[in-house]
Amino acid sequence: MTMDNFNTGLVLSGGGARGFAHLGFIQALNEEGIFPDVISGTSAGALVGVMIADGYKPGEILDIFNTGSRLDYMRPALPREGLLQISGIIKLLQSHLRAKRFEDLAIPLFVAATDINNGTAVYFNKGEIIERVVASMSIPVLFQPVLINGVQYLDGGITDNLPVAPIEKYCSRMFGSFVNPVGYVEKVSGLINIAERTFMLNMTKEAKDKAGKFDLLVASPELRNYGILDPGKAVELFDLGYRSTREKLSDKTVRNRLGLQ
């Protein structure tokens with residue numbers, strides 16, 4: 001893909017089931033006439049990003065992925081390289097994704113993943129879509145690495161959970177949604193919960209470190225009350241993302257900065 005100058009760039013963090021808040025964020029932007037010209041996403045942000053880039057509206061995506069059950073997304077696996085399988089998400093993408101390759105998407109998309117052989121962040125924007133989105137979503141310990149062209153990949157959040165890098169030089173305006181605030185937890189027990197918590201703690205600095213790169217960054221602290229592996233609160237998370245963004249957009253200073261009436 002040849003990079004041009006874009007008006008509006010959209011950056012979506014990882015965050016598992018919290019990614020439903022991205023949909024509310026995008027819905028609020030759309031209501032103000034703000035639509036992305038290019039998208040960059042990690043993990044859940046990659047999943048939302050690919051659906052938006054494929055032409056779906058936020059409410060349509062909510063309907064597709066709001067199954068209400070963790071087992072509809074992932075199932076236990078033999079714990080050799082990962083505790084869970086991500087087969088449910090693969091089936092949903094196979095059923096609903098119209099584009100098969102990045103080059104076929106209506107909106108240019110970058111998907112962040114981690115090359116664990118070389119220890120680097122990689123930003124996919126070419127080739128077959130589904131395996132690269134799944135690689136971006138493969139949380140270490142919970143999911144096994146995805147092998148692409150002889151290289152093993154895991155969740156992009158390991159190296160870049162708020163992936164501004166591939167698009168920031170090309171966008172006049174940058175909008176970001178960060179869904180990984182981490183607060184106090186009295187007790188963390190169980191192998192999956194410990195793995196989830198450890199992974200989340202590794203990503204908490206990015207919103208602060210990169211906030212200055214955005215014309216608008218939404219990072220609601222209320223999201224800390226929701227688990228990243230529980231899709232049962234999809235509608236609540238959508239509404240939370242929507243409310244948080246509308247609140248930001250009601251500020252006169254923000255509206256002036258964005259050129260909104």
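Asp 160 is buried, with a relative accessible area of 4%; buried means under 20% relative accessible area, exposed over 50%, and partly exposed in between (1.4 Å probe, protein chains only). The model is predicted, so local features need pLDDT of at least 70 and side-chain atom pairs count only at pLDDT 80 or more, while totals for chains, interfaces and linings use all residues. Residues are numbered from 1 along each chain as its sequence is written, and side-chain values use heavy atoms, with hydrogens and water left out.

## Salt bridges

The partner of Asp 160 is Lys 210, with the closest N and O atoms 2.6 Å apart in a salt bridge. The term stands for a side-chain nitrogen of Lys or Arg within 4 Å of a carboxyl oxygen of Asp or Glu. Lys 210 lies in helix H7 (residues 206-210) and Asp 160 in the loop between strand E8 (151-155) and strand E9 (171-177), so the pair ties together parts that are 50 residues apart in sequence. Helices (H or I, at least four residues) and strands (E, at least two) are DSSP runs, numbered from the N terminus. Lys 210 is also buried, at a relative accessible area of 15%.

The whole structure holds eight salt bridges. Three of them are listed here.

| Salt bridge | Closest N to O distance |
|---|---|
| Lys 210 and Asp 160 | 2.6 Å |
| Arg 132 and Glu 131 | 3.0 Å |
| Asp 54 and Arg 98 | 3.6 Å |

The side chains of Asp 54 and Arg 98 meet in a salt bridge of 3.6 Å, N to O. Asp 54 lies in the loop between H2 and helix H3 (58-65), and Arg 98 in the loop between helix H4 (87-96) and strand E5 (109-115), so this pair ties together parts that are 44 residues apart in sequence. Asp 54 counts as buried at 9% relative accessibility. In the pair of Arg 132 and Glu 131, Arg 132 is buried with a relative accessible area of 10%, whereas Glu 131 is partly exposed with 29%. In addition, a network of salt bridges links Glu 31, Glu 32, Arg 246 and Arg 255.

## Helix H2 and the residues after it

Helix H2 covers residues 44-53 and is mostly covered, with 10 of its 10 residues buried. Among the buried residues are Leu 47, Val 48, Val 50, Met 51 and Ile 52, along with Gly 45 and Gly 49. Just after H2, Gly 55 takes a positive phi of about 105°. Arg 98, the salt-bridge partner of Asp 54, also has its charged end over the ring of Tyr 56, 4.0 Å from the ring centre. A charge sits over a ring if NZ of Lys or CZ of Arg is within 6 Å of the ring centre and within 35 degrees of the ring normal.

## Strand E8 and its surroundings

Four of the five residues of E8 are buried, so the strand is largely enclosed by the rest of the structure. E5 and E8 run antiparallel and are joined by three bridges; two strands pair if DSSP finds at least two bridges between them. In E8, Tyr 153 has Asp 115 opposite. Strand E7 (residues 146-148) also pairs with E8 in the antiparallel sense, over three bridges, and Leu 147 stands opposite Gln 152 in E8. The hairpin of E7 and E8 has two residues between the strands, and Asn 149 there takes a positive phi near 50°.

The count of aromatic pairs comes to one. The rings of Phe 124 and Tyr 153 have their centres 5.1 Å apart and their planes at 70°, so the pair is edge-to-face. Rings of Phe, Tyr and Trp (its six-membered ring) pair if their centres lie within 6.5 Å; planes under 30 degrees apart count as stacked, over 60 as edge-to-face and the rest as tilted. Phe 124 lies in strand E6 (residues 120-124) and Tyr 153 in strand E8, so the pair ties together parts that are 29 residues apart in sequence. Phe 124 is buried at a relative accessible area of 9%, and Tyr 153 counts as buried at 8%. The charged end of Arg 132 sits over the ring of Phe 124, 5.3 Å from its centre.

## The chain as a whole

The chain has nine helices and 10 strands. Of its 261 residues, 54% count as buried. Among contacts (heavy atoms within 4.5 Å) between residues at least 6 apart in sequence, 74% join residues at least 24 apart.
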